[in-house]
Amino acid sequence: MKHPVPGEASGAGAVAVGSNQGIISTGDAATIDNRTLHLPAEAFRAPADVPAPPGLNNLPAPRSAVFVGRDEDLARLGAAMDGGGGPTVVHGLGGMGKSTLALHYAHRHRDRYNPVWWVPAETPDGITLALASLAAHLDPYAGLTTTSAEAAAWATGWLQSHEGWLLVLDNAETPDDLAPVIGRLTTGQHLITSRRATGWHHLAQPLALRTLAPDASTDLLMRITGEPDGPDDALAELAAELGHLPLALTQAAAYIQHTAITPASYLARLRRHPARMFAASATDDHERTIARVWQLTLQAIAARNPLAVDILRTFAWLGPDDVPRDLAEALDDDPIAVDEALALLHAYSMITLTSRTITVHRLVQAVARTPDPADPHRAEETIEGARRRAIGLLVAALPGDPLFNVAGWPRWRELLPHIEALATRVAPDQDDERTDAIWLQASAFLQGEVQLDRAVDFAERSMAASQRLYGLDAPRTLASRSLLASAYREAGDLTKAVPLLVRNRDDCERVYGAAHAETLTARTNLAYAYGLSGEVDLATELHSCNLADCERLLGPDDKLTLVSRNNLASAYREAGDLDRAAPLHERSAADYERVFGPDHPETLTARSNLAYTYQLAGALDRAIALHEHVLTARERILGPTHPHTDLARELLANARGDAPQ
C-alpha cells in the first residue's frame, strides 16, 4: 500500500493537513483547527441559494414604551424610504431620538422586509460584526469561517443576491464608514441614523430630525412620570427648559418617577445643580445621559478641531437662535479656520449653520457653559474663559450711539436677544466694566424702541454695577443714574424719575460745574420731567435758561441744543402759548432736518410735534398734511407696527376727526 507523502494531498477529496490552518472545505467535510467535521451538502450552498428564514430580524426592543410626537416624522421617513431615492439618513443632535424613530419604523414594517437587521455602525468593526451575525442567522454553516470579515463578506454576497431586506445602520460616525457597504448593496433598503448632518449627498438622502413640539414634550413627561392631571405649568416649564429634546425629557421623567419628586422640584434641582442632573440616570444605562452623549461628541470634535469647541463654549453664553455668524469670525484671525470649525460643528449637529446665522440648541448651551470636574472640556477655568470671550464679542460688535445712530439700529436688533441671554447667564455680582457698558447702551436703545420694561431692567442693572465698580460720583455712575431716570420717566413712573433727576442735576453741578455739557443734559432731563408732572411754569423757566446756555456753550447745532429748543417749544405748547410754541417748533423741525437729515427719527419727531401744534392752533390742513408725511416715513423707516408708527397713525386720525366734515 502506498502512503501519501507528508504535506501532499493523498487523492481526490483529500487535503494536505500538515500545512493547513482553519477551515478546509472538500465537498463533504471540513477541517477546523485540525479537526475534521462531516457536513451535509447544504453547508456548501452559494449565498444566492440560501433563503432567509421567515421573519428574520434582530431588532432590539424600544428603550421606552412611550413614543409620542413623531407621527409626522414617521410619515416623512416612510415617504423617503418609499420614494426610490436610495438610502435615507436620519440625522440630528445626539439625544434627538434618531435611533428611536428608526427602531419604531423598523418594527412597524417588519412584514414588508426580510430580513430586518440592526447594525451598530459607530465603527467599521461594529458593522463587520453585525454582518457576520447576519450571516450566521441566515445560514449556520456560513459562520464556520476563520474570521468575522469572511462571514461579513458572505452576508454581503447574500444581500447582493436577494431583495426585500432592510439594514438599519445606527449611529454612523462618518459617511466613509458606510460607503464600502452601501455602495455594493443595491437590492434592498438602507436606513441610517447619524449625528453627522453633512457629507451624505453622494450616499444617502438626508432627513433632519428636530425637537418635539411643546405639547408632545409635556405629553411625554406626563406619560412617563404618571402625572394624573395632565400637563401643568411645571411640566411645560420643565419641557421648555430641556429644549424639548427627547433624551433629556426621558431622562428627567425617569428621574422624577424613580425619586418620587415633582416636576417643579426637578426643575429647581436642574437649575441649582445642572452638571449633576445632566449626568443623573434613573437606570443602569449611564451611557445614555445628556452629559455622556455630548461629552463623547465633544471629544470627537476636539480631537479634530479645538477651535470648534471654543466657538461652541463661547456661543453657549448667547441666545440660542440666529447668532450672527460674523461673531464667530472675530474669534480667530483665520477666516478659513473659522469656516472649518463651524462646518465641523454643523456636521455633528451641534449647531445649525446658514450663510448668516448660527443656531445652538438651548440644552447644548446649558451643558457647554456648566462646569463639570469629570469632563475635561468643561473645566471651570475653561468655562470662565468662554464667558469672557462672549462678553468681548458683544462689546466689540455693538454700534455706537444707540439713540442717534440710525444706521446701527438693525445691528442692535440683531444683537439684542444675545445681550438679553447674556444678562440672564451672568450674575449681577459678576458684572464688570464691559457688561456695565453693554447694559447701559442696551437700555438707551430699548428706550428708543419703546420697550420700556426691558429698558428699566437694563438701566437698573447698569446703575447697580456702576455704583459698585466706580463709586457714587464717577462719570459712568452719573450717566447710569441719568439713563435710569429717563427709563422711569418714559415708563410713566415720575415718582421714581423726578427725585433721581434732581439728584443727578445736583451731583453733575457739583462734580462737573454749571457750564459742563453733562450738567446741561441733567437740567434738560429734569425740566422735561417737570413738564410731564404738570409743573409747566417750572419746566418752561428751566428749559429757557438751559437753551440759552446750550446755544452759548455748545453752539446752535449741537444735539443738546436742538433737544433743548424742541423741549422749550413743547413746554410753551403745553402751557397753551401757541404763539411762542409754533415758531420754535418750525425752527426745530428745520434744524433737525438740516443737521440729521430728512428721514432721521428725531427729525420725524420734530415734525410730529410741529403738526400737533398746528392742529391745536386750528391749522388742520397743514397739520393733516404733516401728520400724513410723518406716518408714511415712519412706516417706511421704522415699520408698520413700531410704537412711534402707531402714535403717528393715532395723531393723524385725531387730526382728521377734528377737521370739518
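**Exercise 1. How near do the axes of helix 16 (residues 380–397) and helix 17 (residues 409–425) come, and at what angle do they cross?**

A word on the model before we start: it is predicted, so local features need pLDDT of at least 70 and side-chain atom pairs count only at pLDDT 80 or more, while totals for chains, interfaces and linings use all residues. Residues are numbered from 1 along each chain as its sequence is written, and side-chain values use heavy atoms, with hydrogens and water left out.

Step 1. Take the helices as DSSP runs (H or I, at least four residues; strands are E, at least two), numbered from the N terminus. Fit axes to C-alpha atoms over the stretch in contact, with angles from 0 to 180 degrees between N-to-C directions.

Step 2. The two axes come within 11 Å and cross at roughly 155 degrees.

Step 3. Helix 16 and helix 17 are therefore roughly antiparallel (angles over 145 degrees; under 35 is roughly parallel, 65 to 115 roughly perpendicular, the rest oblique).

Step 4. Find the contacts (heavy atoms within 4.5 Å): Ile 391, Leu 394 and Ala 397 of helix 16 meet Arg 411, Leu 415, His 418, Ile 419 and Leu 422 of helix 17. By class, this contact has six nonpolar, one polar and one charged residues (nonpolar: Ala, Val, Leu, Ile, Met, Phe, Trp, Tyr, Cys and Pro; charged: Asp, Glu, Lys and Arg; polar: the others, Gly among them).

**Exercise 2. Describe how helix 27 (residues 620–637) and helix 28 (residues 643–658) pack.**

Step 1. Their axes come within 9 Å and cross at roughly 160 degrees, which makes helix 27 roughly antiparallel to helix 28.

Step 2. Among the residues that meet are Leu 620, Ile 624 and Leu 631 in helix 27, and Ala 648, Leu 651 and Leu 652 in helix 28. The residues of this contact divide into eight nonpolar, three polar and six charged.

**Exercise 3. Which residue follows Asn 114 across a cis peptide bond, and which element holds Asn 171?**

Step 1. For background, most residues other than glycine have a negative phi, and most peptide bonds are trans.

Step 2. The bond from Asn 114 to Pro 115 is cis, with omega near -5 degrees. Pro 115 sits in the loop between helix 2 (98–108) and strand 5 (116–120).

Step 3. Asn 171 lies in strand 6 (residues 166–172), and its phi is near 60 degrees, a positive value in a residue other than glycine.
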